[in-house]
Amino acid sequence: MRNVLVTGGSRGIGSETVRLFAENGDNVYINFNRSRSTAESLKNSLTDKGFSAKIIQADVSVPDDVRNMFRQIENEVGGVDVLVNNAGIAQTKLFTDITDDDWSKMLASNLSSVFYCCREALPYMIRKHFGRIVNISSMWGQVGGSCEVHYSAAKAGIIGLTKALAKEEGPSGITVNCIAPGVIQTDMTSELSEQDLNMLKDETPTLTLGTPLDIARAVLFIADNSSSFITGQVIGINGGIVI
Ligand code: NAP
């Protein structure tokens with residue numbers, strides 16, 4: 001049974017990804033930061049059906065938290081075979097209004113968190129000569145989003161990290177890929193006005209918004225043991241809004 005860690009597994013894309021991995025027969029660690037009760041209900045709904053899931057608290061923007069989370073997992077099961085770096089935050093602001101704090105928090109939560117988690121996960125993967133890392137970027141990391149410069153910069157950073165790490169870890173049997181979602185209906189996008197959501201829908205060739213399941217399916221596919229020839233890729237799942 002593979003051990004899977006999904007960061008930000010308590011809600012949205014992360015929770016759907018957790019569900020698919022658990023149903024796939026993997027042992028899933030549901031990382032959460034603030035949403036303990038949501039993470040706990042998700043875990044209970046899975047274990048009640050006989051699937052294997054555990055919750056684990058860590059603020060992935062804090063290196064010590066990440067270190068402690070990995071130590072706990074290593075003590076329990078040896079290490080992480082599949083790492084899904086999904087945790088993230090968003091913020092809409094004019095570039096000239098972005099404060100030092102906004103910038104630091106955005107980079108720490110979306111980009112440094114990926115560095116911290118990969119750094120902890122890799123020694124075990126290298127020893128096993130197997131690993132799957134899937135990073136969740138964004139279409140704004142590919143093309144840039146107005147009024148989301150700090151978010152776009154962090155998500156573009158994930159793309160660079162993914163490509164470079166894929167080259168470095170390929171010989172060790174580890175794949176590193178990145179998914180760049182379009183507009184997905186979660187708490188993150190619920191802050192957008194109905195008018196903005198409709199505008200985005202109209203701009204999308206499929207004329208639809210995405211669901212967490214659209215992303216989770218792709219994560220499961222790339223993380224499959226048989227997907228060993230897919231690495232360093234940025235897979236856009238966006239209804240064609242970015243091609
Ligand atoms: P969401 O519904 O707002 O959920 C965010 C998740 O991230 C929550 O589980 C939250 O955990 C966790 N999280 C945030 N900061 C964290 C931290 N410091 N440490 C640990 N966990 C943290 O967001 P979502 O829409 O599912 O987004 C998931 C990922 O997809 C993000 O990286 C986002 O940037 C990316 N994405 C989303 C969209 C979209 O349209 N929704 C599009 C492109 C990319 P707690 O609640 O437990 O704190």
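# A tour from the ligand outward

Begin by selecting Thr186 together with the ligand, where an N or O atom in the side chain of Thr186 sits 2.5 Å from an oxygen atom of the ligand. The protein covers 94% of the 890 Å² of accessible area that the ligand has on its own. Please keep in mind throughout the tour that this is a predicted model.

## The ligand and its shell

Keep the ligand selected and add Arg11, whose side chain has an N or O atom 2.9 Å from an oxygen atom of the ligand. Next add Arg34, and this time show the backbone, since a polar backbone atom of Arg34 is 2.9 Å from a ligand oxygen atom.

Now widen the selection to the whole shell, which holds 31 residues around the ligand, with Ser10, Ser35, Asn86, Tyr151 and Thr186 as the closest. If you colour this shell by residue class, you will find twelve nonpolar residues, 14 polar ones and five charged ones.

Which helices and strands each supply at least two residues of this shell? They are helix H1 (12-23), strand S2 (27-32), helix H6 (149-169) and helix H7 (187-190). Of these, select H7 with some care, as H7 gives the most to the shell, namely three residues.

## The nonpolar core

Leave the ligand for a while and select Leu5, Met69, Phe70, Leu83 and Ile133, which touch the most other members of the largest nonpolar core, a set of 32 residues. To see which elements feed this core, show helix H3 (63-77), helix H4 (100-128), H6 and strand S6 (174-181), each of which supplies at least two of its residues. H4 gives the most to this core, with ten residues, while H6 is an element that you have already met, as one of those supplying the shell around the ligand.

## Along helix H4

Stay with H4 and select Ser109, which is found in this helix. At 13% relative accessibility, Ser109 counts as buried, because the limit for that word is under 20%. If you display the backbone of Lys105 as well, you can follow the side chain of Ser109 as it reaches the backbone oxygen of Lys105 at 2.8 Å.

Then turn to the aromatic rings, of which the structure holds one pair. The partners are Phe115 and Tyr116, whose rings are tilted, at 5.7 Å from centre to centre and with 50° between the planes. Are these two residues buried or exposed? Phe115 counts as partly exposed at 43% relative accessibility, whereas Tyr116 is buried, with a relative accessible area of 15%.

## Strand S5

The next stop is strand S5 (residues 131-136), where Asn135 lies. Asn135 is buried, with a relative accessible area of 0%, and the partners of its side chain can be shown one after the other. Select Asn85 to see a polar contact of 2.8 Å between the side chains of Asn135 and Asn85, and then Thr162, whose side chain makes a polar contact with the side chain of Asn135 at 3.0 Å.

Gly131 lies in strand S5 as well, and at 0% relative accessibility it counts as buried. Draw a line from its C-alpha atom to that of Val176, and you will span 8.4 Å between residues that are 45 apart along the chain.

## Two loops with positive phi

Now select Cys147, in the loop between helix H5 (139-143) and H6. Cys147 is not a glycine, and yet its phi is positive, at about 65°; with 27% relative accessibility, Cys147 counts as partly exposed.

Continue to Leu207, in the loop between helix H8 (194-203) and helix H9 (212-222). Leu207 likewise has a positive phi, of about 60°, although it is not a glycine. How exposed is Leu207 in terms of relative accessible area? The value is 53%, and Leu207 is therefore exposed, as it passes the limit of over 50%.

## The last stop

Finish by selecting Val242, which is found in the segment after strand S7 (234-237). Val242 counts as buried, at 18% relative accessibility. Add Met139 to the view, and you will have two residues that are 103 apart in sequence but 6.9 Å apart in space, from C-alpha to C-alpha.

Notes
Residues are numbered from 1 along each chain as its sequence is written. This is a predicted model: local features need pLDDT of at least 70, side-chain atom pairs count only at pLDDT 80 or more; totals for chains, interfaces and linings use all residues. Side-chain values use heavy atoms; hydrogens and water are left out. A residue is near a molecule or strand if one of its heavy atoms lies within 4 Å of it. A polar contact is a pair of N or O atoms within 3.5 Å; within protein, one must be able to donate a hydrogen and the other to accept it, and residues adjacent in sequence count only if both atoms are side-chain atoms. Accessible areas come from the Shrake-Rupley method with a 1.4 Å probe; for residues, only the protein chains shown count as cover. Helices (H or I, at least four residues) and strands (E, at least two) are DSSP runs, numbered from the N terminus. Ala, Val, Leu, Ile, Met, Phe, Trp, Tyr, Cys and Pro count as nonpolar, Asp, Glu, Lys and Arg as charged, and the others, Gly among them, as polar. Rings of Phe, Tyr and Trp (its six-membered ring) pair if their centres lie within 6.5 Å; planes under 30 degrees apart count as stacked, over 60 as edge-to-face and the rest as tilted. Buried means under 20% relative accessible area, exposed over 50%, partly exposed in between (1.4 Å probe, protein chains only). A nonpolar core is a set of buried Ala, Val, Leu, Ile, Met, Phe, Trp, Tyr and Cys residues joined through side-chain atoms within 4.5 Å.
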